[in-house]
Amino acid sequence: MSTWLPDPQRFPRFALLDGPSPIAPLPRFSAELGGRVEVWIKREDLLPLAFGGNKLRNLEFLVGAALAEGADCLVTSGRRWSNHARLTAAAGAKAGLGVHLVLSGPPVDSPNPGVRLDELLGATVHQAATDDRDERAAIVERVVADLRAAGRRPYLVAIGGTGIVGAVGQVLAGLELAAGAEAAGFRPDTVVVPTATGGTQAGLLVGLRTAGLRTVVHGVAVTPVEPLRAVIAAVVAGLAELDGLATVHDGEIVLDGTQLGDGYGRPTKAAGEATRLLASTEGILVDPIYTAKALAGLVALARDGALDGTRVVFWHAGGTPGLFEPLDG
């Protein structure tokens, strides 16, 4: 099995993890699905900072790049419940970097858990008036310009930390999954993962192929599918240019748009039912924005018989604070 590591000169790394995230079977959950599929879980929600989450893997290399470039602060953007935003704030705190977060609106009247956590972690929050992406992008440009004018050295991190630098961390996650499954005595047939900006799915797919596994990476989209497909294909192609990584064909990119519902951040009945099923059988919580919709996708596949006789890993990407969000916009 491959032990690939990125070139430290091209991809400097700032350590944010304290070891592999746990991988464990879900026997009672599997039994509730009829015992036709053996479900395991990869607990990215138990990674060490700020309620955990898989975006810490991207941030190890994004913060590493920022420090190598002499940056003194990070700037990124997202929605008010963004895992990426919260974990960027946490990573910046650990690295001694200032963090500026541009969050989409509209602002909510009640105290907002996501924003409160971001500010507790030391980030400066810039709140947009609407959920318009152009407005958010314009605020990002203004924040970066203002910081530079004030003599600061900002490092701009793309939404979700998606891109080749961040995806290198997800390649390592794919290799870690392959090694962890082998140690547990199995090879996963399918990994079910929530997909919002595409970098996690792209990196996992390349990492698993590099490890020699033909595992299907079933991305359950929490944003519209077609823009995601193009992003994932571009990241996969970029990773293939790095020495030692496998080439992945576009036909291997599996995207499932059946759980999107009314759109990003909007709860669905199926996601709520899946959340209760996992909580009541295994004592594990998922959030309604990302992971619950992926879990609902897994449940639907299992009940349709599409996973009969297989071993499936559910990729718990984190996001637990989203349970406490007022999901009204």
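**Helix H3 and the four-stranded parallel sheet**

In this predicted model, helix H3 is followed by Gly96, a residue whose phi is positive, near 75°. At the opposite end, the start of H3, a side-chain oxygen of Ser82 comes to within 3.2 Å of the backbone nitrogen of His84. Between these two ends, the length of the helix can be checked against expectation: at 1.5 Å a residue, the 13 residues of H3 should span 18 Å, and the end C-alpha atoms are 18 Å apart, so the two values agree.

The surroundings of H3 were examined next. Of its 13 residues, 11 are buried, and the helix is therefore largely enclosed by the rest of the structure. The buried residues are Asn83, His84, Ala85, Arg86, Leu87, Thr88, Ala89, Ala90, Ala91, Gly92 and Ala95. The elements that cover them include helix H2 (55-68), strands E3 and E4, and helix H4.

Two of these covering elements, E3 and E4, belong to an open sheet of four strands, which is arranged in the order E5-E4-E3-E6 with parallel pairing. Strand E5 (124-127) and strand E6 (154-156) form the edges, each of them pairing on one side only. On average, and with direction ignored, neighbouring strands of this sheet are turned by 25° against each other. Strands of a sheet pair through backbone hydrogen bonds, in either a parallel or an antiparallel manner. Here, strand E3 (residues 73-78) runs parallel to E6 and is joined to it by three bridges; within E6, Pro154 is the bridge partner of Cys73.

Helix H3 (residues 83-95) packs on this sheet, where it touches E3 and strand E4 (98-103), and its direction makes about 170° with that of E4. Helix H4 (residues 113-120), by comparison, lies across E4 and E5 and runs at about 145° to E5. H4 is thus placed on the sheet across E4 and E5, while also being among the elements that cover the buried residues of H3.

The loop between E4 and H4 contains Asn112. This residue has a relative accessibility of 10% and, because buried means under 20%, Asn112 counts as buried. When neighbours within four places in sequence are left aside, Asn112 is in contact with Arg80, Glu325 and Pro326.

Key. Residues numbered from 1 in each chain as written. Predicted model: local features only at pLDDT ≥ 70, side-chain atom pairs only at ≥ 80, totals over all residues. Heavy atoms only, no water. Pairing = 2+ DSSP bridges. Axes fitted to C-alpha atoms, helices over the stretch in contact; angles between N-to-C directions. Contact = heavy atoms within 4.5 Å. Buried < 20%, exposed > 50% of the residue type's maximum accessible area, 1.4 Å probe, protein only. Expected span 1.5 Å × (residues − 1). Polar contact = N/O pair within 3.5 Å; in protein donor to acceptor, adjacent residues only side chain to side chain.
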